[in-house]
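Colleague: I should be grateful for a close look at the charged side chains of this protein, in particular at the salt bridges.

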Amino acid sequence: MIKLEKENGNMNKAMELAIKEARRTINENIGGPFGASIIDEQGNIISVASNTVLGTHDPTAHAEVNAIRKAGEKLKTHDLSNYILYATGFPCPMCLSAIIWANIKKVYYGCTSKDADKIGFRDDFIYKFINNNLEDKEVMNLEELDRGECLELFKEYTEKEKEIY
């Protein structure tokens, strides 16, 4: 692990590493201007990642998600409580959800969602879809199907007393 210095000039070291990684993948045409770092409470760098959507052809390969995946693998846990995430941009709805699922309680971000919108990234329509009770059929059509059979699967999981995460 790399020990995080409190400050590097005027820039936070974790953010500096996120920016550097995002710049690298921008120049390699792998992803957009999004980088992320995760540190522990002692200031140790756990993971650094960037957006790799273009390189992997994976729309979920956002910087925050990639950083969470790397941290989880490195730490052998899905629970990142007591870790801090730094991101070059305000997390999109998917990344916000991943951050919440990982139990990360503190996030520092550089650019706002409006900054991302100004250069063409379209997070705003997802927020509008969520705020519209998920009912914009042009965005997505959600329809319940085979609930009874799926509830049986949920019951099996509960009966086996599997871990809830």
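Modeller: The salt bridges are described below, followed by a patch of charge. This is a predicted model, in which local features need pLDDT of at least 70 and side-chain atom pairs count only at pLDDT 80 or more, whereas totals for chains, interfaces and linings use all residues. Residues are numbered from 1 along each chain as its sequence is written, and side-chain values use heavy atoms, with hydrogens and water left out.

A salt bridge is a side-chain nitrogen of Lys or Arg within 4 Å of a carboxyl oxygen of Asp or Glu; by this rule there are four. In helix α1 (residues 13–27; helices are DSSP runs of H or I, at least four residues, numbered from the N terminus), E21 and R24 lie three residues apart, about one turn. Their closest N and O atoms are 2.6 Å apart. E21 is buried at 18% relative accessibility, while R24 is partly exposed at 37%. Buried means under 20% relative accessible area, exposed over 50% and partly exposed in between, with a 1.4 Å probe and protein chains only.

In helix α6, K128 and D124 stand four residues apart and form a salt bridge with closest N and O atoms at 3.4 Å. K128 is exposed at 54%; D124 is partly exposed at 38%.

In helix α7, K155 and E159 are separated by about one helical turn because they are four residues apart. Their side chains meet in a salt bridge at 3.8 Å, N to O. K155 is partly exposed at 43%, and E159 is exposed at 54%. Shared partners also join E21, R24 and E28 into one network of salt bridges.

Finally, D146 lies in the loop between α6 (124–131) and α7 (147–159) and is partly exposed, at 47% relative accessibility.

Definitions and conventions. Helix = DSSP H or I, 4+ residues; strand = E, 2+ residues; numbered from the N terminus.
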